[in-house]
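Trainee: I've got this model open on my screen and I'd like to go through its insides with you. Can we start with the empty spaces?

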Amino acid sequence: MGDVHTLDKTELVELYSRLEEKYGEFKNKNLSLDMSRGKPSPDQLDLSSGLFDILNTRTMEVVDHIDIRNYGGVDGIQEAKDLFAEILHVRPTEVIVGGNSSLTIMYDTISRALLKGVIDSDSPWGKLPKVKFLCPSPGYDRHFAICESLNIEMITIDMLDDGPDMNKIEELVSKDDTIKGIWCVPKYSNPEGIIYSDEVVNRFATMETKAKDFKIFWDDAYTVHHLTNEQPHLKSILQACKEAGHPNRVFIFASTSKITFPGSGVAAMAASEENIQFILEQLSAQTIGPDKINQLRHVRFLKNLDHINEHMKKHAELIKPKFDLVLRELDSQLRDKNIASWSKPKGGYFISLNTLDGCAAEVVKRAAEVGVKLTKAGATFPYGKDPRDRNIRIAPTYPSIAELKVAIDVLCLCVQMVSIKKLLNV
């Protein structure tokens, strides 16, 4: 069967009846499948089991002879800064290494800006009548949750094939000094898998902003998460900002959360040396130091960027078949029906599915009714409101291949049923 838009009412009703019968069969299976978050599978976690045995009492000394069991080292151990500098293509003096969560570092960075301002602020952001952030969408729901929890107004920016709509961004930031920041996932964006082009990076670095303390929150979460042997280029945003005369414009974030263990990884932020010193002065009141034992454990296990890339190839061997399965089933079951489109990422953790306008929430609801939990429709937009109600984030990594096949069959079935009801206006 081809394009459902070419079917008359009788044919649509007959098709819906057949699909509804299949839906009932799934319902009778009492399924309980969860694709709501991008979690590593147990097999992926097993790849990092060597972390448990990498340190002993004779290997607790780091290069600068600090006893990592004690207080100190607010900015992290030198070896960890060296490692993240290599990952993020910055200098070690431009890195702070902290606890296990980059999300925590992002939240703290904005919280400090609200309380104290950033290095080039005239006053704390929290004392201003309004603070706004630009939010490229579909995007990462956790970023949007930070803004919403801190009463920061969010402005949706469309994502294009090479990154966010820079024409719109440049227009907005040039006129409105209450716009203080933007969220970016520049490599294998969440959820569409887009890689920002050199032109987009350059325009971010050079654009004129009415707010002199405008900041780019550059969440490079998936920088080493390749699904193929290709390692796509992403231009250094910090270097571009330096060359453009805006060295303090960007904060870069990353972690090992999906490289090793999400619950006990290591996170870092990078920025200009001036920014780093400004932040460290504030951090010294917040902490006496992060978990340096865990930092050293990760350094000894991950070693360097080349070794990380080899480690991530093992991840890809486990998850690429899952991505391939999802894309194959979407292609087989939906391609010719003209009711959905989807991304084909070369890395990252998600596949972005777009239904017909007005259908996503109902698709997610119908899937849940037969025991398949998906990310809430609208989650990839500020305030959880997709203006077109069409985007669904697919997270294929955690389920087994067998579970994933069933879940995608259910999803494709629900997309077809909801689409037909829309065409029938019922």
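Mentor: Sure, with the term pinned down. On a 1 Å grid over the protein atoms alone, a cavity is a set of points where a 1.4 Å probe fits but cannot get out, and lining residues have an atom within 4 Å of a point. Grid points are joined across faces, edges and corners, and a volume is the space filled by probe spheres set on the points. This is a predicted model, with local features needing pLDDT of at least 70 and side-chain atom pairs counting only at pLDDT 80 or more, while totals for chains, interfaces and linings use all residues. Residues are numbered from 1 along each chain as its sequence is written, and side-chain values use heavy atoms, with hydrogens and water left out.

Trainee: OK, so what volume does the second largest cavity have?

Mentor: About 70 Å³. Its lining includes T109, R112, F251, N275 and Q282.

Trainee: Which elements give two or more residues to that lining?

Mentor: Those are α4 (102-116) and α9 (273-286), with α9 supplying the largest share, four residues. Helices here are DSSP runs of H or I with at least four residues, strands are E runs of at least two, and both are numbered from the N terminus.

Trainee: And how does the lining of the second largest cavity divide by class?

Mentor: Six nonpolar, four polar and one charged. Ala, Val, Leu, Ile, Met, Phe, Trp, Tyr, Cys and Pro count as nonpolar, Asp, Glu, Lys and Arg as charged, and the others, Gly among them, as polar.

Trainee: What about the largest cavity, how is its lining made up by class?

Mentor: That lining has ten nonpolar, four polar and no charged residues. The space inside is about 100 Å³, and P136, G139, Y140, V185 and N190 lie nearest the centre. β3 (132-137), α5 (141-149) and β6 (179-184) each supply at least two lining residues.

Trainee: Switching topic: how many aromatic pairs does the structure hold?

Mentor: Twelve. Rings of Phe, Tyr and Trp (its six-membered ring) pair if their centres lie within 6.5 Å; planes under 30 degrees apart count as stacked, over 60 as edge-to-face and the rest as tilted. F217 and F253 make a stacked pair, 5.9 Å centre to centre with 15° between the planes. F217 is in strand β7 (residues 215-219) and F253 in strand β8 (residues 250-255), 36 residues apart.

Trainee: Is F217 buried or exposed?

Mentor: Buried, with a relative accessible area of 1%, and F253 is buried at 0%. Buried means under 20% relative accessible area with a 1.4 Å probe and protein chains only, exposed is over 50%, and partly exposed is in between.

Trainee: Which residues do ring pairs link into a cluster?

Mentor: W125, F133, W183, F217, F251 and F253. F251 also turns up in the lining of the second largest cavity.

Trainee: Where does the charged end of K39 sit?

Mentor: Over the ring of Y398, 4.6 Å from its centre. The call needs NZ of Lys or CZ of Arg within 6 Å of the ring centre and within 35 degrees of the ring normal. R393 does likewise over F350, at 4.4 Å.

Trainee: Last one: how many disulfides does the structure hold?

Mentor: Zero, where a disulfide is a pair of cysteine sulfur atoms within 2.5 Å. For C147, the nearest cysteine sulfur, that of C135, is 5.1 Å away.

Trainee: And why is C359 without a bond?

Mentor: Because the closest cysteine sulfur, in C414, is 12 Å from its own, too far for a bond.

Note on methods: On a 1 Å grid over the protein atoms alone, a cavity is a set of points where a 1.4 Å probe fits but cannot get out, and a pocket is an open set with protein on both sides within 12 Å along at least five of seven lines; lining residues have an atom within 4 Å of a point.
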